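Reader: I am in my first year of study and would like to take a close look at a single part of this protein. Could you choose one, set it against the whole, and then lead me through its surroundings?

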Amino acid sequence: MADRSADELPEHARRNREVWDSELSAGFAARARKQWAADPHWGIWAVPQTDLPLLPSDLAGKDVVELGCGTAYVSSWIARSGGQPVGIDNSERQLAAARAMQNEFNVHFPLLHGNAEQVPYPDSSFDLAISEHGAAAWCDPYRWIPEAARLLRPGGELVFLRSSELLVLCMPDEGRADRVLRRPQFGLSRIEHSNGAVTFHLPHGPMIQLLRQCGFVVEDLQEVRPAQNAPTEFDYVDLDWARQWPSEEVWKARRIDAG
């Protein structure tokens, strides 16, 4: 399936593609082999699937779309559990690392270069849509949530992991989260970064309203607490902070309205 040219992308997606392809992808590509080889785990604290079950217990024959797949290690776990994943990502360099891992591990599934806000698949194509800090952070929720609803069959599940609301409120423009509120909660949505990137974060109230408007019922919201000695390769929050307040959260919603 052909990629949409950069000129056709929304402004924030063009900017994010440039940032990922120029400076962010290298670090994630360096971790790709380790991620592909590992058992399923989630978020910056690598919480095991056994403790934080984002994936359903039975994936056999399920059609899954990973929205903002990066190096596609999540899709690789799904494929090896019997699911049929499709990954889409805005960064060609991320996908190049994913394709290299597919060849190395001999695990193959479709990879699309494009914007997860507009996936080139028909309505009702998937049983599960999942995002781990992918579309959930880098796409406009008023675009990607309706798109996930369109892609899911009635009864299908949307699962996404993102930074917690409190972490976003306590994040300075640069450096680690601290114990001071740095931005207002009311009106929170689009966040501009000094490197030109754009991320998004809807507070809980507006997110629940949006999910309901798109035909979802929220089934769970889990706030992630890392283990006492959990390591992380990321530097924007430390373990002491994350043991006191949630740094990440998992949403699970089910599509009930086919309209």
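Author: Let us begin with charge. The protein carries 26 positive and 37 negative side chains, and the centres of these two sets lie 1 Å apart. Please keep in mind that the model is predicted.

Before the chosen part, the whole should be described. The secondary structure of the protein consists of eight helices and eleven strands. With a radius of gyration of 17 Å, close to the 18 Å that the globule rule gives for 259 residues, the protein is as compact as a globular protein of that length. Along the principal axes, its C-alpha trace spans about 45 × 40 × 40 Å. Of the 259 residues, 53% are buried. The accessible surface amounts to about 11900 Å², and carbon and sulfur atoms account for 50% of that area. When one takes the contacts between residues at least 6 apart in sequence, 72% of them join residues at least 24 apart.

The part I propose for close study is helix α2, which comprises residues 73–80. Why may this helix be called largely enclosed by the rest of the structure? Six of its eight residues are buried, so the remainder of the protein largely encloses it. The term "buried" here refers to a relative accessible area under 20%. The residues of α2 that meet this condition are Tyr-73, Val-74, Ser-75, Ser-76, Trp-77 and Ile-78.

Which elements provide the cover for these residues? Helix α1 is among them, and so are four strands: β1 (41–42), β3 (63–67), β4 (84–89) and β6 (126–132).

The two flanks of α2 also merit attention. On one side, the loop between β3 and α2 contains Ala-72. The phi angle of Ala-72 is positive, at about 70°, although this residue is not a glycine. Is Ala-72 buried or exposed? Its relative accessibility is 0%, so Ala-72 counts as buried. On the other side, just after α2, stands Gly-82, which takes a positive phi of about 100°.

Since α1 helps to cover α2, a look at that helix belongs to the same picture. Helix α1 occupies residues 11–37 and has a kink of about 65° centred on Leu-24. Its buried residues are His-12, Ala-13, Asn-16, Arg-17, Val-19, Trp-20, Asp-21, Ser-25, Arg-31, Ala-32, Gln-35 and Trp-36. A general rule is useful when reading such a list. An α-helix has 3.6 residues a turn, so residues three or four places apart point the same way.

For comparison, one may turn to several loops elsewhere in the chain. Asn-106 is situated between α3 (92–105) and β5 (111–113). Like Ala-72, it is not a glycine, and its phi is positive, at about 55°. Ala-72, however, is buried, whereas Asn-106 is exposed, with a relative accessible area of 60%.

Pro-203 belongs to the loop between β9 (198–200) and α7 (204–213). Its relative accessible area is 5%, and Pro-203 is therefore buried. Residues up to four places away in sequence being set aside, Pro-203 touches Arg-162, Glu-165, Gln-185 and Leu-188. Leu-188 is 15 residues from Pro-203 along the chain, and their C-alpha atoms are separated by 6.7 Å.

After α7, in the loop that leads to β10 (216–224), one finds Cys-214. Cys-214 has a relative accessibility of 13% and thus counts as buried. Beyond residues up to four places away in sequence, it touches Ile-145, Pro-146, Ala-149 and Arg-255. The C-alpha atoms of Cys-214 and Glu-147 are 9.1 Å apart, while 67 residues separate the two in sequence.

The last example is Trp-245, in the loop between α8 (239–244) and β11 (248–255). Trp-245 is partly exposed, at 28% relative accessibility. With residues up to four places away again excluded, Trp-245 touches Leu-166 and Arg-179. A further residue, Leu-167, is 78 residues from Trp-245 along the chain, and the two C-alpha atoms are separated by 8.1 Å.

To return to the chosen part: α2 is largely enclosed, six of its eight residues being buried, and its cover includes α1 and the strands β1, β3, β4 and β6.

Methods. Residues numbered from 1 in each chain as written. Predicted model: local features only at pLDDT ≥ 70, side-chain atom pairs only at ≥ 80, totals over all residues. Heavy atoms only, no water. Helix = DSSP H or I, 4+ residues; strand = E, 2+ residues; numbered from the N terminus. Rg over C-alpha atoms; globule rule 2.2 N^0.38 Å. Buried < 20%, exposed > 50% of the residue type's maximum accessible area, 1.4 Å probe, protein only. Contact = heavy atoms within 4.5 Å. Areas by Shrake-Rupley, 256 points an atom, 1.4 Å probe, with all protein chains shown as cover. Lys, Arg positive; Asp, Glu negative; His and termini not counted. Charge placed at Lys NZ, Arg CZ, Asp CG, Glu CD. Bend = angle between axes of the 7 residues up to and from the residue.
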